[in-house]
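Trainee: Can we go through this structure together? I'd like to start with how the helices sit on the sheets.
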Amino acid sequence: MFLTVTTTGTPARPATDLGFLLHKHPDKAQAFATSFGTAHVLYPEADEQRCTAALLLEVDAVALVRRGKGKGRGGASDAALASYVNDRPYAASSLLAVALSRVFSSAMRGVCAHRPERAAEPLPLRVEVPALPARGGPGLVRRLFEPLGWAVSADAVPLDSAFPEWGDSRYVRLVLESDTLRLAEALRHLYVLLPVLDDAKHYWVSPDEVDKLLRAGEGWLPGHPEQKLITSRYLSRRWSLTREAMERLELVRLAEAEGTEVEEIDNAVAPETETEERPTPLAVRRREAILTALREHGAARVLDLGCGEGHLVRELLKEPAFTEITGVDVSVRALTIAARRLRLDTMGERQASRVRLLQGSLAYTDKRLTGYDAAVLSEVIEHLDLPRLPALEYAVFGAARPRTVVVTTPNVEYNVRWETLPAGHVRHRDHRFEWTRAEFRAWAETVAARHGYGVEFRPVGPDDPEVGPPTQLALFTQTATTETESKKEAKAA
Ligand code: SAH
């Protein structure tokens, strides 16, 4: 079983950094014992311009049989075993995914002490899997990988090249290319999607599969158009065996919701130019600026897109003028926390009828988001990879089309004023980009012009004479209606 990961580089950003990112030195071939065989990591090529890491898994049939019979639970059937050891010894199956997570566990989590900045940024990647068992064929392979930002080449491998009339085997030769993904994301895609495509019986049942799936899928699985297929295939064979795990998982989730929260650094207190008695946290100032804009525009039905843990939703609920408040987020975990924070379950009926939380991705158009007065995107756009931004732009300004849109994002020029921020670092580890005032302005003006909105800009936080404010806010107001909108209006009149 075999797969390779290749990256390219420059003298300033040598391709051999891949060794740091994977925590495996390019000059060494290393072997790791697993319970089902030996995993080897080696670098067929490693120089400044190009570096390829190969993961090769030698399956130990005897170990597999022992493991299968010994445990009595989730044991390998002879048929399943045969498909691993006889058929195509280099086919990449679910076992390869397991090896991937064992050998590259830190890389999958995006941890890299030596090159943290490279782990946090997208890099040019090419993944090759010469023989991938793929139930569903090349079509399904594309449907699974393309929405994640991969350019996919998937060719069916003929059953026997000497006898083309026998048709195709269940194997696909897969090449994935992207320069918008971080290595950790790429590995997590493979970790989940290789076994999904394999769709064979897994005999390495462990009680925390659901937890693993949600963890590996965080940030991409919830918004994936094939989410249902992925989840059901990933778990189906093990569903009855993991009921116990599901219950445990729920406990883990609740514990997580109670305790650990990722605070964005700019939610801390902003350094003030003027001395106030108690400086107001920037997050509070941001919400105040947003509420002011919404009040000015008389918005009643409001969308909070990328609502996170529901801080703004809570503020909106306090004002009766906001009659309908809908929070949307791609993260189930954030929504779970939001629901608990807002005490949705014990809230009075009247209050509860004003608020809704929806899971969804802003990178896809969504009928549920039409017909609102205003939409807020507070500190959200910088969480999307730049190539996905046009999709968000279309979903919000082209399809949902609220009359007013409020967008806030960090002003990267201000970062030099943050005492706790090392030079050249973004404010939060999930920020894919941070813009200068000019960059934000250029984006906002293009969006406004393209979709029939006017736009004005407002500072949030102390407006530094040199570098501007810590947060920048763009307020869009619809000026032109679309053809269908004007037709509707004409009909109504
Ligand atoms: N609006 C909140 C949270 C900002 S953090 C605030 O101002 O504090 C960014 C949020 O955007 C996260 O909760 C993240 O889950 C969400 N997000 C990122 N990409 C998204 C997408 N494609 N669709 C919907 N939500 C997304």
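Trainee: Which strands does helix 7 lie across?
Mentor: Helix 7 (residues 137-145) lies across strand 6 and strand 7 (168-178), and runs at about 160° to strand 6. Angles run from 0 to 180 degrees between N-to-C directions, and axes are lines fitted to C-alpha atoms, for helices over the stretch in contact. Helices (H or I, at least four residues) and strands (E, at least two) are DSSP runs, numbered from the N terminus.
Trainee: Before we go on, what kind of model is this?
Mentor: This is a predicted model, where local features need pLDDT of at least 70, side-chain atom pairs count only at pLDDT 80 or more, and totals for chains, interfaces and linings use all residues. Residues are numbered from 1 along each chain as its sequence is written, and side-chain values use heavy atoms, with hydrogens and water left out.
Trainee: OK. What's the strand order in the sheet with strand 6?
Mentor: The order is 2-3-4-1-5-7-6, in an open sheet of 7 strands with antiparallel pairing. Two strands pair if DSSP finds at least two bridges between them.
Trainee: Which strands stand at the edges?
Mentor: Strand 2 (30-34) and strand 6 (151-158), each with a single partner strand, so one side of each has no neighbour in the sheet. From one strand to the next, the twist averages 15°.
Trainee: How many bridges join strand 1 to strand 4?
Mentor: Strand 1 (residues 2-8) and strand 4 (residues 50-59) run antiparallel and are joined by 7 bridges. Thr6 has Thr52 in strand 4 as its bridge partner.
Trainee: And which strands does helix 4 touch?
Mentor: Helix 4 packs on the sheet and touches strand 1, strand 2, strand 3 (37-46) and strand 4. The direction of helix 4 makes about 120° with that of strand 4. Contact here means heavy atoms within 4.5 Å.
Trainee: What about strand 3, how is it joined to strand 2 and strand 4?
Mentor: Strand 2 and strand 3 run antiparallel with 5 bridges, and Thr34 has Gly37 in strand 3 as its bridge partner. Strand 3 and strand 4 are also antiparallel, joined by 8 bridges, with Leu42 opposite Ala54 in strand 4. Strand 3 and strand 4 form a hairpin, with 3 residues between them.
Trainee: Back to helix 4. At what angle does it pack with helix 8?
Mentor: About 160°, for helix 4 (residues 94-103) and helix 8 (residues 183-198), with the axes 8 Å apart. That makes helix 4 roughly antiparallel to helix 8; angles over 145 degrees count as roughly antiparallel, under 35 as roughly parallel, 65 to 115 as roughly perpendicular and the rest as oblique.
Trainee: Which residues of helix 4 meet helix 8?
Mentor: Ser94, Leu96, Ala97, Leu100 and Ser101 in helix 4 meet Leu187, Leu190, Tyr191, Leu194, Pro195 and Asp198 in helix 8. By class, this contact of helix 4 with helix 8 has 8 nonpolar, 2 polar and 1 charged residues. Nonpolar covers Ala, Val, Leu, Ile, Met, Phe, Trp, Tyr, Cys and Pro, charged covers Asp, Glu, Lys and Arg, and the others, Gly among them, are polar.
Trainee: Is Leu100 buried or exposed?
Mentor: Leu100 is buried, with a relative accessible area of 0%. Buried means under 20% relative accessible area, exposed over 50%, and partly exposed in between (1.4 Å probe, protein chains only).
Trainee: What is Leu100 in contact with?
Mentor: Leaving aside neighbours within four places in sequence, Leu100 is in contact with Leu3, Leu55, Ser105, Leu187, Leu190 and Tyr191. Leu100 and Tyr191 are 91 residues apart in sequence, and their C-alpha atoms are 6.9 Å apart in space.
Trainee: New topic: where does Pro11 lie?
Mentor: Pro11 is in the loop between strand 1 and helix 1 (17-22). Pro11 is exposed, at a relative accessible area of 65%. The C-alpha atoms of Pro11 and Gln49 are separated by 7.7 Å, with the two residues 38 apart along the chain.
Trainee: What's the order of the sheet with mixed pairing?
Mentor: That open sheet of 7 strands has the order 10-9-8-11-12-14-13. Strand 10 (355-359) and strand 13 (453-460) are the edge strands, each pairing on one side only.
Trainee: In what sense do strand 8 and strand 11 pair?
Mentor: Strand 8 (residues 301-305) and strand 11 (residues 374-378) pair in the parallel sense, over 3 bridges. Asp304 stands opposite Val376 in strand 11.
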